Amino acid sequence: MNTVTLPSGYDISTDAARLDLDAIHRFLSEDSYWARGAPRAVIERAVANSLCFGLYHGMAQAGLARVVTDKATFVLVSDVFVLEGHRGLGLSKCLMQSVMAHPDLQGMRRHLLMTADAHGLYSQFGFQPLAWPERFMEILRPDIYQAG
């Protein structure tokens, strides 16, 4: 599924059969700040129950954007990453363009995401700080993957 113009040799697909779970787990559990230490079984379950946008260079996994949605009212963008050897080409923007253009994600009331460092990327797609942060509540277990 290409909804954007990608650099030569790259494509984006929502075909779950193409996802390289080894590469995805390795990045999320070792290199990300948000899922460090996540067990493979957790990543597998998250991927299986999400709409995933795989970024590929040839046949190799180069990045990912994972979306949790009810396909009616709510979208949570999660696990957006581009592997180090592929950065600096605008590929994270291409991933987000694909997410925002996907037919199953149109007409939603709320799109959410969390980021510590990519506000500039996401603001290009209309994301902004919560309008009513006092309405949001959470149960946060930041060390859950280290506890087991």
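This passage describes the sheet, one helix, the nonpolar cores and the cysteines of a predicted model.

The sheet is open and is formed by five strands, which follow one another in the order β1-β2-β3-β4-β5 with mixed pairing. Strands β1 (residues 10-13) and β5 (residues 110-113) stand at the edges, and because each has a single partner strand, one side of each is left without a neighbour in the sheet. On average, and with direction ignored, neighbouring strands of this sheet are turned by 20 degrees against each other. At one of these edges, β5 runs parallel to β4 (residues 74-82), and the two strands are joined by four bridges; within this pairing, Leu-76 has Leu-112 of β5 as its bridge partner.

Helix α3, which spans residues 91-101, lies across β1, β2 (51-57), β3 (60-69), β4 and β5, and its direction makes an angle of about 160 degrees with that of β4. The buried residues of this helix are Leu-91, Cys-94, Leu-95, Met-96, Ser-98 and Val-99, and the elements that cover them include β1, β2, β3, β4 and helix α4 (119-123). In general, an α-helix has 3.6 residues a turn, so residues three or four places apart point the same way.

The largest nonpolar core holds 27 residues, of which Leu-6, Ile-12, Phe-53, Leu-55, Val-77, Met-96 and Tyr-122 touch the most other members. Two or more residues are given to this core by each of β1, β2, β3, β4, α3 and α4, and the greatest share comes from α3, with five residues. Leu-6 illustrates how such contacts are distributed along the chain: when residues up to four places away in sequence are not counted, Leu-6 touches Asp-11, Ile-12, Leu-55, Leu-91 and Cys-94. A second core, separate from the largest one, is made up of 13 residues, among them Ile-24, Leu-28, Ala-38 and Cys-52.

The cysteines can be considered in terms of possible bonding. A disulfide is a covalent bond between the sulfur atoms of two cysteines, and the structure holds zero disulfides. For Cys-52, the closest cysteine sulfur is that of Cys-94, at 18 Å, and this is too far for a bond, since a disulfide requires the two sulfur atoms to be within 2.5 Å. The converse also holds, because the closest cysteine sulfur to that of Cys-94 is in Cys-52, 18 Å away and therefore too far for a bond. Both residues are nevertheless enclosed by the protein: Cys-52 counts as buried at 4% relative accessibility, and Cys-94 is likewise buried, with a relative accessible area of 6%.

Methods:
Residues numbered from 1 in each chain as written. Predicted model: local features only at pLDDT ≥ 70, side-chain atom pairs only at ≥ 80, totals over all residues. Heavy atoms only, no water. Pairing = 2+ DSSP bridges. Axes fitted to C-alpha atoms, helices over the stretch in contact; angles between N-to-C directions. Contact = heavy atoms within 4.5 Å. Buried < 20%, exposed > 50% of the residue type's maximum accessible area, 1.4 Å probe, protein only. Core = buried A, V, L, I, M, F, W, Y, C linked by side-chain atoms within 4.5 Å.
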